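Student: Could we go through this model together, one question at a time? I would like to learn how its parts are arranged.

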Amino acid sequence: MQQEEQRIDGHTRVCGLIGNPVEHTMSPIIHNTLAKKEGRNLIYVPFHVENGRVGEAVKGAFALNVLGLNVTVPYKSEVLEHLDGMDGMAEKIGAVNTLVRTDKGYKGYNTDVTGLYRAMCSEGIRLEGEEILILGAGGAARAAAFLCASKGAKKVYILNRTAEKAGGVAEEVNRAFRTECVRAMRMGDYKNLGTGRKYLAIQATSVGLYPDKEKAVIMEREFYEMIHTGFDLIYKPFRTKFMSMVQEAGGQAFHGLKMLLYQGIEAYELWNGIAVPEEDALALYRTLLEYMGI
Ligand code: ATR
């Protein structure tokens, strides 16, 4: 989709994304569409930051009066030492994806977590009192695990190929929320959970990501028979193998595009001190679908 030209003048505020790589990001579509819809004089641009230079990037952005930044891989933790303050949830997680300008520097937030929650709520998925399986123990899985614990999940099982990493995440989340609800498991150990109960499953590994659309991290149907709802954090391809397998076994399945949407909306709201109406969020969602050719 071709973006209409945006007005740029002496009052234009700048927001952007820092990461490496940033070339495939859809965030400019989110923020520039919102700004255009609101008639706000703001543009959003990607900044490719070379490894080892994130501190300089943050300092330079502040000097250039940049209003806000998103932060992506590999800087979500590395950027912390260059911030002037952190939101409570971001501090617990030890990772940020959004920097908001203050008088003295940038304050860090984690809208991956709040965005995932808003995406789940918009699909009618609840976490309170649920038994949840999280597949993976990388950055995305950590965000999901922190969210589940913070929203009062009854039990969270983290299943990962490398069991030690799952153990590390479980320990961190349990410590942060003074709970014991999170437990690490090996990928195949779901078989020990017993049948009869159905779970919410959050797919947070990178397996199944385009172009590997025929792959899922667990291929056994018996796993999917335990799932009432499957939420894949991947949004490309639009229908992942994980989602197909959940649906074939009778569950409902969702992809990660709404997480992307709402993490962006939450950042935009923080930068501009406004609330984006739900109908604008859904219109923006349709723009993203159109951009993806869906
Ligand atoms: P992200 O930031 O997207 O979470 P990441 O931190 O690199 O990315 O994490 C990738 C996750 O996918 C990890 O849980 C990884 O498992 P390991 O911890 O064992 O590496 C998982 N993953 C990636 N490729 C996998 C594969 N082929 N089989 C099983 N798990 C895989």
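Student: Are α1 and α10 parallel, perpendicular or oblique to each other?
Tutor: Good place to begin, and keep in mind that this is a predicted model. The axes of helix α1 (residues 27–38) and helix α10 (residues 278–291) come within 10 Å and cross at roughly 135°. Angles over 145 degrees would count as roughly antiparallel, and 65 to 115 as roughly perpendicular. The crossing fits neither range, so α1 and α10 are oblique.

Student: Which class of residue, nonpolar, polar or charged, has six members in the contact of α1 with α10?
Tutor: On the α1 side, the contact includes Ile-29, Ile-30 and Leu-34, while α10 brings residues including Leu-284, Leu-288 and Tyr-291. Two residues of the contact are polar and two are charged, and the class with six is nonpolar.

Student: Which strands are at the edges of the open six-stranded sheet?
Tutor: Let's read the order of the sheet, which is β8-β7-β6-β9-β10-β11 with parallel pairing. An edge strand pairs on one side only, and that description fits β8 (182–186) and β11 (252–254).

Student: In β7, what is the bridge partner of Leu-133?
Tutor: Strand β6 (residues 131–135) pairs with strand β7 (residues 155–160) in the parallel sense, over five bridges. Leu-133 has as its partner in β7 the residue Tyr-157.

Student: How many residues lie between β4 and β5 in their hairpin?
Tutor: Strand β4 (residues 98–101) and strand β5 (residues 106–109) run antiparallel and are joined by four bridges. Within this pair, Leu-99 stands opposite Gly-108. The number of residues between β4 and β5 is four.

Terms used. Residues numbered from 1 in each chain as written. Predicted model: local features only at pLDDT ≥ 70, side-chain atom pairs only at ≥ 80, totals over all residues. Heavy atoms only, no water. Pairing = 2+ DSSP bridges. Helix = DSSP H or I, 4+ residues; strand = E, 2+ residues; numbered from the N terminus. Axes fitted to C-alpha atoms, helices over the stretch in contact; angles between N-to-C directions. Parallel < 35°, antiparallel > 145°, perpendicular 65-115°, else oblique. Contact = heavy atoms within 4.5 Å. Nonpolar A, V, L, I, M, F, W, Y, C, P; charged D, E, K, R; others polar.
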